[in-house]
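I opened this notebook to keep track of what I looked up, entry by entry. The plan is to go from single elements to the spaces between them.

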Amino acid sequence: MTMHAMPVMVGVLAILAIAFRFYSGFLARRVAALDDSRVTPAYRFQDGQNFEPTNRWVLFGHHFAAISGAGPLIGPVLAIQFGYLPGLIWIVIGVCLAGAVQDMMVLALSTQRGGRSLASLARTEIGRPAGIAASIAILYIIIIALAGLGVVVVKALGGEEVAMRAGTVLTYPENAWVDARVEQGGPRIYNVPPGSKYRFGEGEGQAMDFSEPFQLAVPAEQALREAPDGEGFVLPENARRLVPGSSWGTFTIAMTIPIALFVGWYMYRLRPGKVVEASLIGAVMVLAVTGLGSLVPRSPLEPYFALSRNWTVFAVAAYGFVAAVLPVWLLLSPRDYLSSFLKVGTIFLLVGGVVVTNPRLEAPAVSTFFADGGGPYFNGPIFPYVFICIMCGAISGFHALVSSGTTPKMIMREGDVRMIGYGSMLMEGLVAVVALIAAAALPSSMYYDINIDLGKRPDFLAANPDFAQFLKAGEFDIHGGHGLEPAPGAAPMSELAEMERDVQESLHGRTGGAVTLAVGMARIFTEAAPGLGALKAFWYHFALMFEALFILTTIDAGTRIARFLVQEILGRIWKPLGDLDWAPASMLATGLVVFAWGYFIATGSVESIWPMFGLANQLLAVIALTVVTTALFNAGRGRYAWVTILPMSFVVATTSTAAYYEISGKFWGMIQAGQVLKGWLNIGLTVMLIACVAVILASAVSRWLAPRPALIDEAAPEPATYEDLGD
């Protein structure tokens, strides 16, 4: 049965509205016991740097931007290899009963405990061994999480070199001539014309056409040689297709930084309190630079923004460093608020576009090819990998770091916790559903042409011959109209080739999920307003900017949170290093954090980092839910502990199963394949993480069975009311 998107969207909106109205109200009144008369840390420790009372709408924007990274966008896109239904069910149920519960309860607990970090809360509520284990686990998890987020930006914006298998054949179109040059000290560069064919096997579906021109690099001492049958050229060893960086997308993202600085200055210094005014100005400026970005390709500015992969890694790392050391009001808060203003608006536009266009969900409800594993991203079954793949859209331990990091230091009233904690997570769940629909609405051939690495495509299709036949059969006109009408005598052009021509970017083999989502969003926007089809390139690059904003705002907040944690640890070695207001200490801790996650980005890929990110992220959720559960018992509200114990138990089941698969499958396979150091390192880190979680769980359960007051007292008695604070 063919499913359309509009009924799905309407049903999801109804469920989210009911959950916020009733379940979050129950959590606020009974479980978290929020009280507006209590003084929040923002007032108690106000310093203009980290503790700063913030308008709840601005803080909602900061919090939503900080938690909404690559997870709700990329996870659902990658999970389409399992079909759309498993991911959809997990997102809707998970966000209402697990993710939003965790975010709200951790935010409430941290706000009521002086803005303490999650590691500090673990030490306070459970005990010192749990606090030490939590610190070790969180530090590792946050580094992997930031690497997982950053690698998506690098994949979407940076250039790359795609390995082409030696011995495969590249056929030029008729009457085309070979144009090559040798760069001094570099490789031989071939300018391959549009219409060339890449053949990597003799069977059906063992070839693909390139509608766009591209550059091919081969070692200088080698060259293309004519195929034995005279049809095309045989590729030598180490031949690489050069994919340029997106100068349009990079320019747009770069310009949002000075815009955010201007908005922060405008909102806090020029016209304090004029939040809506500053927001409108900032939003108009962001849309303007998105349009201006179309002028960058093929202009004198292009070389400065068409960055290679390494330079994109450096740029992301530099941004993360600067954003983490600047005052929170100057860049972090206004940029997050500005980006969330744009994000929320875009999400509502996408929801409206889905309702108007009501696209067919081309992906199967459950994939018959990869339900048991073997897909391009996850070589494992639906359980547990769909839960590991889709994390932030359903539940994310990383959110607990934000809810016990920057946000509780800026809460004005405890009552704001409900809207900011639970409401932001529901919004992220909606983001995940929209991303899933955008990817599921793509023709299957289009989806996999983007998401199968060109260098791995020959072996992947050879290992899945039935899937290769399915892919070939659906390349053109599955339900009518997916491909371009060919010119007389010409081969038909697929819709992906049409999209490449329209958006002026190479899309084949652009794995990682970001490009897939941008294509899906551009199609929805274009179909929702047929008269604006000429703006397809704008919509595509707008979508890339939209995705990168999601990710970068999480990187800046995440790096800042990691800096707090590192300074907590360093402060035990030498007290001044723990001073959050001392610039040298802040810069040292930030530098260590940025170097660590930047190294993982530089040496990894989406396929290698994302499963590690998912596993670590969900284990952090176990830690967060354990801490909150223990706090409920310590406060005498253990009768409500089921709200956190149930989701915690489910996540324990998924993560422990995934850890078994990763260790016994992927990591052990690395060792057998000769990657001994990397395999054992991954096994060691995974076992260490599980051991830390086990220590925390064991310590917590002992306290649940014999609850008593928290082990560590608060640093100082908290004023009961705002009047007391004024006295």
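Before placing any residue in a loop I needed to know what bounds a loop here: helices are DSSP runs of H or I with at least four residues, strands are DSSP runs of E with at least two, and both are numbered from the N terminus. I also noted at the start that this is a predicted model.

**Entry: a threonine in a loop**

I looked up T407 and found it in the loop between α14 (397–403) and α15 (416–440). Is T407 buried or exposed? T407 is buried, because its relative accessible area is 0% and the cut-off for buried is under 20%. I then checked its side chain, which is joined to the side chain of H63 by a polar contact of 2.8 Å.

**Entry: a covered helix and a residue of another helix**

Next I went to helix α4, residues 71–78, and asked how many of its residues are buried. The count is eight of eight, and the helix is mostly covered; among the buried residues are G71, P72, L73 and I74.

I also looked at A497, which has its place in helix α19 and is buried, with a relative accessible area of 5%. From A497 to L27 I noted a separation of 470 residues in sequence and, C-alpha to C-alpha, of 50 Å in space.

**Entry: the sheet**

I then followed the strands of an open sheet, in which five strands are arranged in the order β1-β10-β7-β4-β3 with antiparallel pairing. At its edges are β1 (160–164) and β3 (180–182), each of which pairs on one side only. On average, and with direction ignored, neighbouring strands of this sheet are turned by 30° against each other.

At one edge, β1 pairs with β10 in the antiparallel sense over five bridges, and within this pair V162 stands opposite R241 of β10. At the other edge, three bridges join β3 to β4 (residues 188–192), and these two strands run antiparallel; here A180 stands opposite Y190 in β4.

Which side chains of β1 point to the buried face? I found that E160, V162 and M164 point to one face and are buried, whereas E161 and A163 point to the other face and are not buried. I wrote the general rule beside this: in a regular strand the side chains alternate between the two faces of the sheet.

**Entry: the largest pocket**

I moved on to the largest pocket, which holds about 930 Å³ of space. Its lining has 36 residues, and those closest to its centre are Q215, L242, V243, P244 and G245. Several elements give two or more residues to this lining, including β1, β7 (214–218), α8 (247–270) and α19 (495–503), while the largest share, four residues, comes from β10. Sorted by class, the lining of this pocket has 14 nonpolar, 10 polar and 12 charged residues.

**Entry: the cavities**

How many cavities of 30 Å³ or more are there? The count comes to six, and the largest cavity holds about 70 Å³ of space. I listed the residues that line the largest cavity, among them Y140, P611, M612, E662 and T686. At least two residues of this lining come from each of α23 (606–634), α24 (642–672) and α25 (676–705), and α23 gives the most, with four residues. By class, I recorded seven nonpolar, one polar and one charged residues in the lining of the largest cavity.

**Entry: backbone exceptions**

My last look was at the backbone, and I kept a general rule in mind: most residues other than glycine have a negative phi, and most peptide bonds are trans. Against it I noted A33, a residue other than glycine whose phi is positive and near 55°. A33 is found in the loop between α1 (5–31) and α2 (41–44) and is partly exposed, with a relative accessible area of 26%.

N175 also has a positive phi, about 70°, although N175 is not a glycine. The place of N175 is in the loop between β2 (169–171) and β3, and N175 is exposed, with a relative accessible area of 75%. Finally, I found a cis peptide bond between F383 and P384, with omega of about 15°, and placed P384 in helix α13, residues 382–389.

Note on methods: Residues numbered from 1 in each chain as written. Predicted model: local features only at pLDDT ≥ 70, side-chain atom pairs only at ≥ 80, totals over all residues. Heavy atoms only, no water. 1 Å grid on protein atoms, 1.4 Å probe; cavity = no way out; pocket = protein on both sides within 12 Å on 5 of 7 lines; lining within 4 Å. Points joined across faces, edges and corners; volume = space filled by probe spheres on them. Nonpolar A, V, L, I, M, F, W, Y, C, P; charged D, E, K, R; others polar. Pairing = 2+ DSSP bridges. Axes fitted to C-alpha atoms, helices over the stretch in contact; angles between N-to-C directions. Buried < 20%, exposed > 50% of the residue type's maximum accessible area, 1.4 Å probe, protein only. Polar contact = N/O pair within 3.5 Å; in protein donor to acceptor, adjacent residues only side chain to side chain.
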